[in-house]
Amino acid sequence: QVQLVESGGGLVQSGRSLRLSCAASGRGFSINAMGWYRQAPGKQRELVATITSGGRTNYADSVKGRFTVSRDKNTVYLQMNSLKVEDTAVYYCNLDGQDISGAVYRSVSYWGQGTQVTVSS
């Protein structure tokens, strides 16, 4: 079983920065990609940014040039600069990988508990 523990959310003024972290722990898994999604009140969860095990990144158009996703071993980071009020949401960490604990590998996807980011004007 994999656990994802997020940190770094909070309340910040528009234009300022925040850095989110998500650490994966557990045994018997490999990572294909890690990333961040967010869900604002009344809206569907949406992709923010992902990074593959090979370092390839993907960003939502709304955050390109402002957010940077990075990864160090089993921890993924999201550096958020020039924050806007519309970035306010619960941010969720995601891990896509494989359970390699058994004789047959299977694809798995895990989610963190979410961390609130609130940007005030």
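This short talk covers one sheet in the structure above and then two residues, Arg16 and Thr50. Please keep in mind that what we are looking at is a predicted model.

Let me begin with the sheet, which is open and has four strands in the order E1-E3-E8-E7, with antiparallel pairing. Which strands stand at the edges? They are E1, covering 2–7, and E7, covering 67–72, and because each of them has a single partner strand, one side of each is left without a neighbour in the sheet. If we ignore direction, neighbouring strands of this sheet are turned by 15° against each other on average.

Moving inward, we come to strand E3, residues 18–26, and strand E8, residues 75–80, which run antiparallel and are joined by six bridges. As one example of how residues face each other here, Ser21 stands opposite Tyr77 in E8.

Next comes Arg16, which sits in the loop between strand E2, 10–13, and E3. Leaving aside residues up to four places away in sequence, Arg16 touches Met80, Asn81, Ser82 and Leu83. Its C-alpha atom is separated by 9.9 Å from that of Ser120, although Arg16 and Ser120 are 104 residues apart along the chain.

Finally, let us turn to Thr50, which has its place in strand E5, residues 46–52. Is Thr50 buried or exposed? Its relative accessibility is 16%, and since buried means under 20%, Thr50 counts as buried. Again not counting residues up to four places away in sequence, Thr50 touches Met34, Gly35, Tyr37, Arg56, Thr57, Asn58 and Val69.

Methods: Residues are numbered from 1 along each chain as its sequence is written. This is a predicted model: local features need pLDDT of at least 70, side-chain atom pairs count only at pLDDT 80 or more; totals for chains, interfaces and linings use all residues. Side-chain values use heavy atoms; hydrogens and water are left out. Two strands pair if DSSP finds at least two bridges between them. Helices (H or I, at least four residues) and strands (E, at least two) are DSSP runs, numbered from the N terminus. Axes are lines fitted to C-alpha atoms, for helices over the stretch in contact, and angles run from 0 to 180 degrees between N-to-C directions. Contact means heavy atoms within 4.5 Å. Buried means under 20% relative accessible area, exposed over 50%, partly exposed in between (1.4 Å probe, protein chains only).
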